[in-house]
Amino acid sequence: MNKYINTFEDLLTQEDWSYQKHDSDNRVYLSSSYSGQNASVTLVLDANLKKDWVMSFVYLPSKIQQAFRPAIAELLCRINLSEIGLGHFDLDFDDGEIRFRIIFDLEGSHFSIEMARNMRDQALLTVDKFYPAIMAVLYGDKTAQEAIDKSLELHQKYLQDTKTPTPDTDNDTALSLH
């Protein structure tokens with residue numbers, strides 16, 4: 001039994017999300033599809049009981065071609081360094097896969113549904129916010145910084161158009177995913 005996976009499952013069930021439960025080789029994790037404003041992605045909710053870690057991964061829909069990997073790596077490093085407070089983007093240089101991940105070490109702590117929701121939502125919203133930057137580098141002939149600036153501009157416009165209240169600019173979890 002994995003108490004952390006059970007919490008993730010309780011969250012998804014409460015919010016009526018469809019998901020798949022994967023159970024193999026003593027590893028259990030959940031996966032779900034999500035379509036945001038800018039991208040359709042795969043969400044994976046995972047846990048390591050031995051280390052007391054809970055993990056949220058968001059996998060982007062396509063792999064980056066070899067020729068674009070240096071430019072995308074620069075973009076992701078710039079985003080990770082200056083634009084994200086929680087979690088980070090990874091680029092697998094071997095196959096071009098991009099993912100965003102958040103990992104919490106829960107040693108001695110309780111894992112609540114609210115924590116699971118915040119972890120899930122922050123990962124999904126961050127990917128959706130910066131997906132246009134990735135596309136701008138790949139297809140728009142933009143530099144990393146130009147792409148980030150355009151992505152942030154589009155995100156601000158989206159927030160204004162939806163009249164979504166934001167308590168501060170670093171916390172986009174004010175956007176509701178449910």
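**The second largest pocket and the pairing of strands 4 to 6**

The second largest pocket encloses about 270 Å³ of space. Its lining comprises 14 residues, of which Asn2, Asn26, Arg27, Val28 and Ala47 lie closest to the pocket centre. The model in which this pocket is found is a predicted one.

The lining can be traced to particular elements of secondary structure. Helix 1 (3–14), strand 2 (27–35) and strand 3 (40–48) each provide at least two of the lining residues. Strand 3 accounts for the largest share, with three residues. In chemical class, the lining of the second largest pocket is made up of six nonpolar, four polar and four charged residues.

Attention may now pass to the later strands, with strand 6 as the point of reference. Strand 6 (residues 98–105) runs antiparallel to strand 4 (residues 53–59), and seven bridges join the two. Within this part of the structure, Ser56 is placed opposite Ile102 of strand 6.

Strand 6 also pairs with strand 5 (residues 88–91), again in the antiparallel sense, over four bridges. Here Asp90 has Arg99 of strand 6 as its bridge partner. Strands 5 and 6 form a hairpin in which six residues separate the two strands. The turn of this hairpin contains Gly96, whose phi is positive, at about 85°.

Taken together, strand 6 has antiparallel pairings with strand 4, through seven bridges, and with strand 5, through four.

Methods. Residues are numbered from 1 along each chain as its sequence is written. This is a predicted model: local features need pLDDT of at least 70, side-chain atom pairs count only at pLDDT 80 or more; totals for chains, interfaces and linings use all residues. Side-chain values use heavy atoms; hydrogens and water are left out. On a 1 Å grid over the protein atoms alone, a cavity is a set of points where a 1.4 Å probe fits but cannot get out, and a pocket is an open set with protein on both sides within 12 Å along at least five of seven lines; lining residues have an atom within 4 Å of a point. Grid points are joined across faces, edges and corners, and a volume is the space filled by probe spheres set on the points. Ala, Val, Leu, Ile, Met, Phe, Trp, Tyr, Cys and Pro count as nonpolar, Asp, Glu, Lys and Arg as charged, and the others, Gly among them, as polar. Two strands pair if DSSP finds at least two bridges between them.
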